[in-house]
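Student: Please take a close look at one part of this model, the place where its helices pack together. I would like to know what is enclosed there, what lines the open space, and what lies around it.

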Amino acid sequence: GTRFARTYGQIFWSYQYAFAGVATTIVSGALCGRCTFFSYAFYSFIISGFIYPIIVHMAWSDDGRFSAYRDTRLVAGCGVVDFAGSGVVHLTGGFSAL
């Protein structure tokens with residue numbers, strides 16, 4: 001690809017990586033003192049490597065299940081628009097903390 005496409009991809013990856021990190025730190029408040037460090041590290045790996053990417057795709061991708069940009073079968077008839085990731089990040093972190 002072009003240099004711009006490669007650079008944009010790297011920036012976008014870093015941006016998503018930061019959000020995945022934030023989603024895992026929300027869980028740390030709920031788990032503080034309740035599990036071992038290894039358990040928390042494993043839990044963080046699962047959240048940031050598997051759970052968070054699925055939730056992000058469902059909300060932010062043009063063809064994601066909750067996206068407002070789909071042509072058909074919109075959630076609640078209008079889809080979901082998430083500004084700056086607050087819904088996706090806090091939903092993932094908060095639900096995982098439960």
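**The helix packing region**

Tutor: T24 sits in helix α1. The model is a predicted one. T24 has a relative accessibility of 8% and is therefore buried, since the limit for that class is under 20%. Setting aside residues up to four places away in sequence, its contacts are Y40, S44, I47 and S48. One of these, S48, also belongs to the lining of the largest pocket.

That pocket has a volume of about 220 Å³. Helices α1 (3-31) and α2 (37-60) are the elements that each give two or more residues to its lining. The lining consists of W13, Q16, Y17, A20, G21, S48, Y52, P53, V56 and H57. By residue class, six of these are nonpolar and four polar, and no charged residue takes part.

Some of the lining residues have a second role. A20, Y52 and V56 line the pocket and are also members of the largest nonpolar core. This core has eight residues, and its other members are F19, A23, A59, V88 and V89. Helices α1, α2 and α3 (86-97) each supply at least two residues to the core. In soluble globular proteins, nonpolar side chains tend to be buried together.

A59 shows how the core connects to residues outside it. Not counting residues up to four places away in sequence, A59 touches F66, S67, V80 and V88. Of these, V88 is itself a core residue.

F66 leads on to the loop between α2 and α3, where A76 is found. A76 and F66 are ten residues apart in sequence, and their C-alpha atoms are 9.3 Å apart in space. With a relative accessibility of 75%, A76 is exposed, because that class begins over 50%. A84 is in the loop between α2 and α3 as well. A84 has a relative accessible area of 60% and is exposed too. Its C-alpha atom lies 9.8 Å from that of F19, although 65 residues separate the two along the chain. F19 is in the core, while A84 is exposed.

The two cysteines C32 and C35 can be taken together. There are zero disulfides in the structure. C32 is in none, and the nearest cysteine sulfur to its own is that of C35, 8.9 Å away. A bond between C32 and C35 is ruled out because 8.9 Å is too far, the cut-off being 2.5 Å. In exposure, C32 counts as exposed at 60% relative accessibility, whereas C35 is partly exposed at 33%.

The setting for all this is a chain with three helices and zero strands, in the order α-α-α from the N terminus on. Its C-alpha trace spans about 45 × 40 × 20 Å along the principal axes. Of the 98 residues, 23% count as buried. Among contacts with a separation of 6 or more, 49% are between residues 24 or more positions apart.

To return to the part you asked about: T24 of α1 is buried and contacts S48, which helps to line the pocket. Helices α1 and α2 each give two or more residues to that lining, and α3 joins α1 and α2 in supplying the core.

How values were computed: Residues numbered from 1 in each chain as written. Predicted model: local features only at pLDDT ≥ 70, side-chain atom pairs only at ≥ 80, totals over all residues. Heavy atoms only, no water. Buried < 20%, exposed > 50% of the residue type's maximum accessible area, 1.4 Å probe, protein only. 1 Å grid on protein atoms, 1.4 Å probe; cavity = no way out; pocket = protein on both sides within 12 Å on 5 of 7 lines; lining within 4 Å. Points joined across faces, edges and corners; volume = space filled by probe spheres on them. Helix = DSSP H or I, 4+ residues; strand = E, 2+ residues; numbered from the N terminus. Nonpolar A, V, L, I, M, F, W, Y, C, P; charged D, E, K, R; others polar. Contact = heavy atoms within 4.5 Å. Core = buried A, V, L, I, M, F, W, Y, C linked by side-chain atoms within 4.5 Å.
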